[in-house]
Every structure is written in C-alpha cells, then in structure tokens.
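Student: Hey, I've just opened this one and don't know where to start. Can you walk me through it?
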Amino acid sequence: MDKSSKQSISASQGVALYVGAVLGSGILILPGITAGIAGSHSLIAWIGMVLLSIPLACTFAYLSIEYPSSGGIATFANKAFGYYTGALSGWLFFIAGSFGQIIVSLTGGMYITFAFDLPDFFAYMIAVLLLIIATVGNYFGLKTSGKVQLVIAALTFLILLSTILLSLPHIQYHQLSLRINQDNIMSVGQSAMLIFWSFFGWEAISSLAPEFKQPRKRNIMFSTWGAICIVGILYIGIALAVVGTQSYTLGGTSTEQALNNASLAEVVRKVVGLNGSWITGIVALTICLGTTNAFIAGISRLGYSLAHDKLAPKWLDKYDSKNAVPHRSVLLVGLFSVAGVVISFILNIRLDQLVLVPNSLAIATYVIGTAAGVKLIKHKLGKVLAFLSCILCLAAYPFIGTSVVIPISVVMICFSYITWRKRKEKNRNASSNYRGEIHD
C-alpha cells in the first residue's frame, strides 16, 4: 500500500473519475461503425459488452480493495506471476495507449470534417494538429487543470445524455432486432471486439485506490457500481439512438464510412438540425483534445517508469525535475501517434481497422489482470468474478482474427529485450569484477 498517498477521494468523486476514465472517443465513433457492420444486431454486442464490464470492473475493484497500489495492473501481475509478467503488462498498456491516440485524434478530425462538410484530407490534418498541441503542451509542462478536465467530462456526459433524450421520439422501434443466429453471430462478435475500445478504462480505479477515503472498501465498490450503471445506460442509449434513427449505412464507400465515423453528429443533425451537428463536432473536438492531452501525460510517465526500472530502453530514462516532465517519453508518444496518422492516410487504413490494434493489446492486458485476480483475491465472490472475467476475455480473442499476432509480437519483443538487457548487465558486472581482480 502507498502510505504516502493522501486519502481525498470520496465515493461521488470516485464515480466521476471512473466515468471520466471509461467514457472517451470510442463512444463518438463506434456506435456508427458497429452498426455499419452488424446493423441493428450491433445492439446485442453493446448489451453484451456492458454485461461483461460488470465482472471486469468488479474484479479490479476487489483487487484495489485488497492490494491498494498506484501501480495498478502491473503491480497485481508482479505480485501474482512475477517480474516478467509485470513488465509485460506495462509494455502492453504503453503500446495500446500510444496507438490509441491515433484513433482519438482522428475521431476529432472526422467529426469536424463531417460537421463542416470538409474534404476527408482535413481530418488527418486536424488529427496531426491535435497531437502536436497535446505533445508540445506536455513537453513544456503545460498541464490541463483538474477543473478543465472536469468540464470536458461534464460536456461528454451532457452531449451523450441530451442526444439520447432528443432521439427517443425519432427512433423506429419496429425495425430494431435483438435476435442472434448463425448469419449474424460473426458480425456481432466483430462488433463486440471493436466496442471493447469504448470500455478500456475499468482498470483506472486500481491506480487511484490508495487515495480513496475510509471506509475504502465501501467507497470503491460504490464508485464501481455507480460507474457501471452510468456508463452502461449511456453506451446502450447512444447505440440505440444511432441504430434507431438509422444514422448509419451498411456499405464500404468513403462517404458511407465518414457517416458511420461521425454517426453521433448525424443523430443530432436529424433531431435538432444542421447547427446541432456543428456544435457536436466542436464538442467532439474538445473531448478528443482533452483525452489526447491526458493520455500523452499518463502514457509518457509509464514509459519513463519502465525505462527507470530497466524494463525499457535507457534512452527514455530522462526526467526534467524542474517541470516534472519525462521529455523523451513525451516526444516518443507524440511522434509515434503523428507517424501513425500519416501512415493511416497514406495506406488509407480505416478507423475500424485501427481500433483492432489497441483492442488486441487491451484484452491481453485484461487477461493478465483478471488472471492475477483469480490468484490474489481472497473474497470468494471477487475470485469467482475474476475467473469469469478471465474466461470471457480469453473467449473474445478468436473474434480479433489476425490481430492476435500483435500482443504475441509484443510478448516476444518484451521478453527478448529484458533477457538481452539482463545478460548485458551480467556480462558488464563480470567484466568489472575481472578487471578489479587483475588490478588487485
């Protein structure tokens, strides 16, 4: 337990922090993308992922209660399975988070181009601009205040809730279908794997556990269940709004893809008018900038931490104590994301294809985290929920398809690097000892 942590987070604040960690750019793009894949059957995938989030969120809640630590999943993995697995979870999360900013920035760009009817090229220009602003801001230590982040979270919540309520009278309920059969099971499964990106964040409570007020157990569980209910209602509600108002198309042309990528703006345009879609586009851009800024800050510090613990290249082990910024790690994350946007434009890679990369890494991280829960959690219900979550995450992998090679590749690179570095240090120490003996 981190004894130095100030216990200042109340149950209500925990709910807000948890909801803010889970709600992100995914909800802006994935309802339309998944509807474009599975039609109204995509609602089944959304409901299924909300149900999966219950044991998943509770698993991390129980782990946080029994092992409060700012290290989160990496700490749990280390305690349960040792040094190498803890290091691997850090690598998986770092790459997933860095790659995810490509998607977040492009989401903001897509919404602006759709709302203002600009050419597709502008989406990539806006995405690069967002990443540069966030990277430069983090490099010089220009942190977004907690109040600004709270405003962004409130904007996200309000736009989602307002969209749901305004769309209800326009939903064509008779055309909704919640039946699953042989013909649609694969498309529903593929949709569920894409949706996983929207639920990436249930582990966030783990790193904040030491800062919860007493009684810690009650406050963490209240925060968890409060977040599950709010996030579940908002996600299913938005998916229903997109599908029910038919603000998507089943097709593959660039125009149809653009519509699906900005389906939330299309819902608002249908129920409010053209001005509403402009407002949605600007708010979406603000949300994506806030998310990118926060993630570059967090992921860059993870990269520095890994390097400082000799789990990543030494080049990243550079920290500016004056501004409290790991400069090199910030630059790496920013340049990686900008390069990803440029490559996506050149190769014409769609957002639904990009999402599979961080998803495959995120699910691998959750497999490690839930497996650690099975071993570490003493509470009987918590252990059962951890086992159920682990099985469900493992069962999800076949639907990722060829993307399964991504986490496998990361595992091989991570273990190879750590083994090489240990051998190098061992040889260096042996050489130093040998020279010392000769000198004596």
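Tutor: Sure. This is a predicted model. Let's begin with tryptophan 202, which counts as buried because its relative accessibility is 1% and buried means under 20%.

Student: Where does tryptophan 202 sit?

Tutor: Tryptophan 202 is in the loop between α8 (185-195) and α9.

Student: And what does tryptophan 202 touch?

Tutor: Leaving out residues up to four places away in sequence, tryptophan 202 touches Tyr18, Val22, Ser53, Leu56, Ala57, Phe60, Ala227, Ile228, Val231 and Tyr366.

Student: How far is tryptophan 202 from phenylalanine 81?

Tutor: In space, C-alpha to C-alpha, they are 21 Å apart, and in sequence 121 residues apart.

Student: OK, zooming out. How many helices and strands are there?

Tutor: The protein has 17 helices and zero strands. Its radius of gyration is 22 Å, close to the 22 Å that the globule rule gives for 440 residues, so the protein is as compact as a globular protein of that length.

Student: What does the C-alpha trace span along its principal axes?

Tutor: About 85 × 50 × 45 Å.

Student: How much of the protein is buried?

Tutor: Buried residues are 53% of the 440. As for contacts with a separation of 6 or more, 83% of them are between residues 24 or more positions apart.

Student: Let's talk helix packing. How do people describe two packed helices?

Tutor: By the angle between their axes and the distance between the axes.

Student: Then at what angle do α5 and α15 pack?

Tutor: Helix α5 (residues 83-115) packs with α15 at an angle of about 155°, and their axes are 9 Å apart. Angles over 145 degrees count as roughly antiparallel, so α5 is roughly antiparallel to α15.

Student: Is that crossing left-handed or right-handed?

Tutor: α5 and α15 cross in a left-handed way. On the α5 side the contact includes Thr85, Leu88, Phe93 and Met110, while the α15 side includes Leu351, Pro358 and Ile368.

Student: What's the mix of nonpolar, polar and charged residues there?

Tutor: The contact of α5 with α15 has 18 nonpolar and three polar residues, and no charged ones.

Student: Now α3. How do the axes of α3 and α15 cross?

Tutor: Helix α3 (residues 42-66) and helix α15 (residues 351-376) have axes that come within 10 Å and cross at roughly 55°. That angle makes α3 oblique to α15. This crossing is left-handed.

Student: Which residues make the contact between α3 and α15?

Tutor: From α3 there are Leu56, Thr59, Phe60, Leu63 and Glu66; from α15 there are Tyr366, Gly369, Thr370, Ala372, Gly373 and Leu376. Split by class, the contact of α3 with α15 has six nonpolar residues, four polar and one charged.

Student: Some of those names came up earlier, right?

Tutor: Yes, Leu56, Phe60 and Tyr366 are among the residues that tryptophan 202 touches.

Student: Next one: serine 42. Is it buried or exposed?

Tutor: Serine 42 is buried, with a relative accessible area of 1%. Serine 42 is found in helix α3. Not counting residues up to four places away in sequence, serine 42 touches Thr34, Ala35, Ser191 and Val243.

Student: And which residues of α4 are buried?

Tutor: In helix α4 (residues 73-81), the buried ones are Ile73, Thr75, Phe76, Ala77 and Ala80. After α4 comes glycine 82, which has a positive phi near 100°.

Student: What's the usual story for phi and peptide bonds?

Tutor: Most residues other than glycine have a negative phi, and most peptide bonds are trans.

Student: So which residues should I look at for a positive phi outside glycine?

Tutor: One is glutamine 246, with phi near 55°. Glutamine 246 lies in the loop between α10 and α11 (254-261), and its relative accessibility of 35% counts as partly exposed. Another is lysine 310, with phi near 65°. Lysine 310 is in the loop between α13 (274-308) and α14 (327-347) and is partly exposed at 45% relative accessible area.

Student: And where is there a cis peptide bond?

Tutor: Between glutamine 214 and proline 215, where omega is about -5°. Proline 215 belongs to the loop between α9 (204-208) and α10 (216-244).

Definitions and conventions
Residues are numbered from 1 along each chain as its sequence is written. This is a predicted model: local features need pLDDT of at least 70, side-chain atom pairs count only at pLDDT 80 or more; totals for chains, interfaces and linings use all residues. Side-chain values use heavy atoms; hydrogens and water are left out. Axes are lines fitted to C-alpha atoms, for helices over the stretch in contact, and angles run from 0 to 180 degrees between N-to-C directions. Helices (H or I, at least four residues) and strands (E, at least two) are DSSP runs, numbered from the N terminus. Angles under 35 degrees count as roughly parallel, over 145 as roughly antiparallel, 65 to 115 as roughly perpendicular and the rest as oblique. A crossing is left-handed if the near helix is turned anticlockwise from the far one by less than a right angle, and right-handed if clockwise. Contact means heavy atoms within 4.5 Å. Ala, Val, Leu, Ile, Met, Phe, Trp, Tyr, Cys and Pro count as nonpolar, Asp, Glu, Lys and Arg as charged, and the others, Gly among them, as polar. The radius of gyration is taken over C-alpha atoms; the globule rule is 2.2 Å times the number of residues to the power 0.38. Buried means under 20% relative accessible area, exposed over 50%, partly exposed in between (1.4 Å probe, protein chains only).
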